Amino acid sequence: MQGETIAAIATAIVPEQGSIGIVRVSGKEALPLARRIFHAPGNQRWASHRILYGSIRHPETGEQVDEALLLIMQAPRSFTREDVVEFHCHGGMIPVQRVLQLCLEGGARLAGPGEFSLRAFLNGRIDLTQAESVADLVGARSPQAASLALAGLQGKLAHPIRHLRKICLDILAEVEARIDFEDDLPPLDEEQVKKDLKGALGVVEEILATANRGELLRSGLKVAIVGRPNVGKSSLLNAWSRSDRAIVTELPGTTRDVVESSLIVGGIPIQVLDTAGIRHTVDTVEQIGVARSRQAAQTADLILFTLDTPSGWTPEDDEIYQQVKHRPLILILNKIDLASPQQVHYPPEIQQVVYTAVAHHQGIPDLEQAILNTIKTGQLTATNLDIAINQRQAAALTRAKIALEQVQQTINEQLPLDFWTIDLRSAIQALGEITGEGVTESVLDQIFSRFCIGK
């Protein structure tokens with residue numbers, strides 16, 4: 001319940017890795033609780049937006065739990081617009097867990113996933129697009145994704161959505177006024193309404209076009225390197241990632257499992273999977289690796305089908321190709337330093353071909369450009385992608401688009417004004433759901449359940 005005081009660990013805790021851990025408390029009992037367990041020596045002033053130095057002690061036994069800093073943020077000048085205190089403790093599992101336990105024993109309850117952000121939304125501190133941007137910023141996997149989330153947090157998505165909703169509300173008000181006071185008002189300017197609807201639809205379509213690009217920046221791309229044994233798959237991964245993630249030898253079947261590496265290409269997170277060479281084998285362990293390779297290829301967003309240029313296109317290559325050709329695919333002709341790629345005859349339907357000599361680190365920039373070309377985001381950067389909607393927002397915006405198109409059709413068919421109001425209200429409702437106006441409790445639960453506890 002919103003009136004309760006909540007507490008949670010607000011930082012990731014990794015044993016022997018973190019130097020600072022933060023326990024966050026929000027609610028009307030936050031400050032009294034802090035006074036009971038935090039002892040500030042000297043004449044330090046307990047005031048909002050000040051940091052106090054001291055120790056955290058058990059209120060009954062006086063046992064010192066940790067040496068810490070206390071940050072005080074009184075309502076409404078806090079993230080939740082409630083009284084908030086943060087205990088900045090030593091990192092590690094034990095100190096922060098002990099401090100959290102004192103808070104819970106002192107009357108706070110453990111916060112649910114995203115409950116601090118939920119309270120910020122319910123108290124009018126942020127709208128729903130900004131709340132979702134908080135989660136995106138925490139989970140950003142590239143600088144561009146972080147910039148995109150920060151733009152959302154600053155309201156760059158909320159502003160055009162609110163403007164669209166205002167346009168619809170203004171049209172609805174004009175229409176309803178004519179319905180109620182037809183004899184007292186001049187005729188409705190139908191041409192202006194059409195112009196406003198056309199402009200609104202243009203903005204809706206422009207924002208909708210960012211959905212796929214935004215999802216790509218948030219979730220990234222899973223790429224599987226596939227091919228026969230000893231064609232250079234592991235060498236490609238090592239050259240591309242500038243590491244020795246995969247073992248490279250002249251022996252076929254060296255890679256027995258799927259090896260992963262994370263890269264950033266054109267601002268897009270790429271999860272690269274180096275798979276075991278696909279071939280028929282009696283080795284039980286290698287059979288498992290081959291099976292996992294096939295599974296990785298079936299779930300990947302993009303296949304890098306790697307070929308040994310000196311060997312050319314073999315029956316074994318054709319067998320593998322038949323298994324992956326239904327996926328987006330780039331053909332990599334490797335080892336071009338040992339043979340001419342012109343001698344390789346591959347299926348004509350393959351459009352994207354990259355020439356590499358990964359042993360000499362040749363062809364990696366061409367490969368990255370081919371990937372960007374395949375996903376059609378060649379110039380995708382944070383500077384030309386100020387906003388990008390997620391799947392929930394896209395679904396609501398699609399409903400708004402359909403409703404506005406229906407209003408246009410209603411006008412063109414010269415139907416009574418009462419019919420206009422039906423679809424205008426639907427558009428207003430859908431747009432409101434994006435920023436959180438009129439959103440249902442079940443939708444809020446679904447959104448904030450994906451947040452981490454403490455955020």
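This short talk covers the nonpolar cores, the annotated binding-site positions and a surface patch of one structure. Please keep in mind that the model is predicted.

I begin with the interior. The largest nonpolar core holds 34 residues, and the members that touch the most others are Ile-161, Ile-207, Ile-389, Leu-397, Leu-404 and Leu-431. Four helices each give two or more residues to this core: H6 (158–180), H7 (190–208), H13 (391–412) and H14 (417–435). Of these, H13 supplies the largest share, with 8 residues.

What does Ile-389 contact beyond its neighbours within four places in sequence? Its partners are Leu-157, Ile-207, Leu-208, Thr-210, Ala-211, Arg-218, Ala-394 and Leu-397. Two of the names in that list, Ile-207 and Leu-397, also appear among the core members that touch the most others.

There is also a second, separate core of 27 residues, which includes Trp-240, Ile-270, Val-358 and Ala-370.

I turn now to the annotation. An unreviewed UniProt entry lists Asn-230, Thr-249, Leu-251 and Thr-254 under "binding site". Asn-230 sits in the loop that runs between strand S8 (221–226) and helix H9 (233–241). Is this residue buried, exposed or partly exposed? Asn-230 has a relative accessible area of 32%, and therefore counts as partly exposed, the class between under 20% and over 50%.

Finally, the surface. Ile-51, Tyr-53 and Leu-69 form a nonpolar patch there, with about 290 Å² of accessible area together. Leu-69 belongs to strand S5, residues 64–73. With a relative accessible area of 36%, Leu-69 is likewise partly exposed.

Conventions: Residues numbered from 1 in each chain as written. Predicted model: local features only at pLDDT ≥ 70, side-chain atom pairs only at ≥ 80, totals over all residues. Heavy atoms only, no water. Core = buried A, V, L, I, M, F, W, Y, C linked by side-chain atoms within 4.5 Å. Buried < 20%, exposed > 50% of the residue type's maximum accessible area, 1.4 Å probe, protein only. Contact = heavy atoms within 4.5 Å. UniProt positions renumbered as here; feature names shortened; annotations may be inferred. Patch = residues over 30% accessible without salt bridge, like charges linked within 9 Å, V, L, I, M, F, W, Y side chains within 5 Å. Areas by Shrake-Rupley, 256 points an atom, 1.4 Å probe, with all protein chains shown as cover. Salt bridge = Lys/Arg side-chain N within 4 Å of Asp/Glu carboxyl O.
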